[in-house]
Every structure is written in C-alpha cells, then in structure tokens.
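Colleague: I'm trying to learn how to read a structure by zooming in on one small part. Could you walk me through one spot slowly, in plain words?

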Amino acid sequence: GEWPPNSEGCDLIVNATPIRDAVLVELRPGQTVVDLAYSCDDAETALIAAARALGCTVIDGLEGLVRQGAKSFEIWTGVPAPIDVMRAAAREPR
C-alpha cells in the first residue's frame, strides 16, 4: 500500500502507537489529530508538529493523559476534576 496511508475522508486521526518521530498518516487541513504519545519533556511529536503546521485541531498526548486522569478522578470521587490544575502540573518542568 501507499506510505504514508491516505486519510482522505477522515475527520479524526488518532495515533495510539508509541511512535514519536514519524508521521504515520497523510494529514490534511481541517482534521482533528489526537496523538496519545507523550514524554515528560513536553516535546511535540512529529505528528503533532505536522498537524499544527497544517492548522489542524490537535490534542497532544499530555493533554490526553490529563483528560483521562480527570475523568478517572470524577468517576472515583464524584467531584469535578480541577482540570486546569492537573494540566499545569502535567506540563510543569521536572
């Protein structure tokens, strides 16, 4: 098949692989791109950088981690999660 795979007709692209240094799919403007790969240094993956350059809506891996944690917090406590506090803590330099 072709490489990278064509994403024509797709509005949402989700990368659930650990690959950070390659764009695994052909992107186009207007797509929403979610990349679940992240690192503690908050460096963008190649996919997120390419998506931002095209003006796509992006959700990077650290944001995905924050939202997953927030939802878990809410399920277990019944209390709305302090998402802004959680996001700031996740993005704080180590």
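Here's what I'd like to start from: which backbone oxygen does the side chain of Asn15 reach? And please tell me about the strand around it while you're there.

Modeller: Happy to! Keep in mind that this is a predicted model. The side chain of Asn15 reaches the backbone oxygen of Ile19, at 3.5 Å.

Now let's step back for a moment to see where that spot sits. The protein chain has three helices and three strands, and if you read along the sequence they come in the pattern β-β-α-β-α-α. Asn15 belongs to strand β1, which covers residues 12-15.

That little strand has two faces. Ile13 and Asn15 make up the covered face, while Leu12 and Val14 make up the uncovered one. For Asn15 we can put a number on this: its relative accessibility is 8%, and because the cut-off for buried is under 20%, Asn15 counts as buried. Over the whole protein chain, 28% of the 94 residues count as buried.

So what is around Asn15? If you skip its neighbours within four places in sequence, Asn15 is in contact with Leu24, Val34, Asp35, Leu36, Ala37 and Leu47. One of those, Asp35, stands opposite Asn15 in strand β2. Strand β2 spans residues 32-35, and four bridges join it to β1, with the two strands running parallel.

Now slide along to Leu12, which is also in β1. Leaving out its neighbours within four places in sequence again, Leu12 is in contact with Thr32 and Val34. Val34 is on the contact list of Asn15 too. You can also look from Leu12 towards Gly30: these two are 18 residues apart along the chain, and their C-alpha atoms are separated by 9.3 Å.

To finish, zoom all the way out. The C-alpha atoms of the protein chain fill a box of roughly 45 × 30 × 20 Å along the principal axes. Take the contacts between residues at least 6 apart in sequence: 32% of them join residues at least 24 apart. On the outside, the accessible surface comes to about 6100 Å², and 60% of that belongs to carbon and sulfur atoms. As for charges, there are 8 positive and 14 negative ones, and the mean positions of the two groups are 6 Å apart.

Methods. Residues numbered from 1 in each chain as written. Predicted model: local features only at pLDDT ≥ 70, side-chain atom pairs only at ≥ 80, totals over all residues. Heavy atoms only, no water. Contact = heavy atoms within 4.5 Å. Buried < 20%, exposed > 50% of the residue type's maximum accessible area, 1.4 Å probe, protein only. Polar contact = N/O pair within 3.5 Å; in protein donor to acceptor, adjacent residues only side chain to side chain. Areas by Shrake-Rupley, 256 points an atom, 1.4 Å probe, with all protein chains shown as cover. Lys, Arg positive; Asp, Glu negative; His and termini not counted. Charge placed at Lys NZ, Arg CZ, Asp CG, Glu CD. Pairing = 2+ DSSP bridges.
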